[in-house]
Amino acid sequence: MRHAISVLLENEAGALSRVVGLFSARGYNIETLTVAPTEDATLSRMTVVTSGSDDVIEQITKHLNRLVEVVKVVDLTEAPHIERELMLIKVRAVGKEREEMKRMVDIFRGHIVDVTDKTYTVELTGDKSKLDAFIEALDRASILETVRTGSCGVGRGERVLKI
């Protein structure tokens, strides 16, 4: 089963590599990894998406909690949460394709952030399934380049990850 694990950790050199090393050393796969400083510059928040049984996820969270740099670990998928991902996708847009591509971007509530004579660069945010659906809706030959951030997530309502 897919799990989004949110980790609050000290914002210092080597902290990210120790977390990634923990996954690697135990043979756990990281599907996506997103990390950035929080409102407190001494802390970073990391969202790791991985797959595994409940027992495997429990082991991962226990191992993460043992790391000195890790302040707090929460499995977001245990309760209602919001996940989003950002995608920048460069597509071919020539002649009659330009209007069709604009319509497709509007349908998926994306934004065209760069325009040239032959291409559009589209910014799209949403959950993984929305971004995947956008890619599937396009003609594969029109896709020139794709960049995705990976998921970041937050618990719904009053549920917060803070010290």
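## A helical salt bridge, Lys128 to Asp132

At 41% relative accessibility, Lys128 counts as partly exposed, and in this predicted model its side chain meets that of Asp132 in a salt bridge, with 2.7 Å from N to O. Asp132 is likewise classed as partly exposed, at a relative accessibility of 25%. Both Lys128 and Asp132 belong to helix H4, which spans residues 128–137, and they are four residues apart, about one turn of the helix.

The pair is part of a wider arrangement, since Glu85, Lys128, Asp132 and Arg148 are linked in a network of salt bridges.

## Other salt bridges

The count for the model comes to 11 salt bridges. One of them joins the side chains of Arg2 and Glu83, at 2.9 Å from N to O. Arg2 lies in strand E1 whereas Glu83 lies in strand E5 (residues 81–92), so this pair ties together parts that are 81 residues apart in sequence. As to the setting of the two partners, Arg2 is partly exposed at 30% relative accessibility, while Glu83, with a relative accessible area of 11%, is buried because that value falls under the 20% cut-off.

A salt bridge is also found between the side chains of Arg103 and Glu100, where the N to O distance is 3.0 Å. Here both residues sit in helix H3 (residues 97–107), three residues apart, about one turn of the helix. Arg103 is partly exposed at 45% relative accessibility, and Glu100 is also partly exposed, with a value of 40%.

## The four-stranded sheet

Four strands form an open sheet in the order E2-E3-E1-E4, and their pairing is antiparallel. At its edges are strand E2 (32–37) and strand E4 (70–75), each of which pairs on one side only. From one strand to the next, the twist averages 15°.

Within this sheet, strand E1 (residues 2–10) and E4 run antiparallel and are joined by five bridges; Val7 stands opposite Val73 in E4. Strands E2 and E3 also run antiparallel, with six bridges joining them, and Val35 stands opposite Met46 in E3. The connection from E2 to E3 is a hairpin that passes through five residues.

## A helix across the sheet

Helix H2, made of residues 54–66, lies across E1, E4 and strand E3 (43–51). With respect to E1, helix H2 runs at an angle of about 5°. Of the strands that H2 lies across, E4 is an edge strand of the sheet, while E3 and E1 follow one another in the strand order E2-E3-E1-E4. Strand E1 thus appears in several parts of this description: E1 is joined to E4 by five bridges, E1 is crossed by H2, and E1 contains Arg2, the partner of Glu83 of strand E5.

## A nonpolar surface patch

Leu88, Val113 and Val147 make a nonpolar surface patch of about 230 Å². Among these residues, Val113 lies in strand E6 (residues 111–115). At 43% relative accessibility, Val113 counts as partly exposed, because this value is between the 20% and 50% limits used for buried and exposed residues.

How values were computed:
Residues are numbered from 1 along each chain as its sequence is written. This is a predicted model: local features need pLDDT of at least 70, side-chain atom pairs count only at pLDDT 80 or more; totals for chains, interfaces and linings use all residues. Side-chain values use heavy atoms; hydrogens and water are left out. Two strands pair if DSSP finds at least two bridges between them. Helices (H or I, at least four residues) and strands (E, at least two) are DSSP runs, numbered from the N terminus. Axes are lines fitted to C-alpha atoms, for helices over the stretch in contact, and angles run from 0 to 180 degrees between N-to-C directions. Contact means heavy atoms within 4.5 Å. A salt bridge is a side-chain nitrogen of Lys or Arg within 4 Å of a carboxyl oxygen of Asp or Glu. Buried means under 20% relative accessible area, exposed over 50%, partly exposed in between (1.4 Å probe, protein chains only). Patches are made of residues with over 30% relative accessible area and no salt bridge: like charges are joined within 9 Å, nonpolar side chains (Val, Leu, Ile, Met, Phe, Trp, Tyr) within 5 Å. Accessible areas come from the Shrake-Rupley method with a 1.4 Å probe; for residues, only the protein chains shown count as cover.
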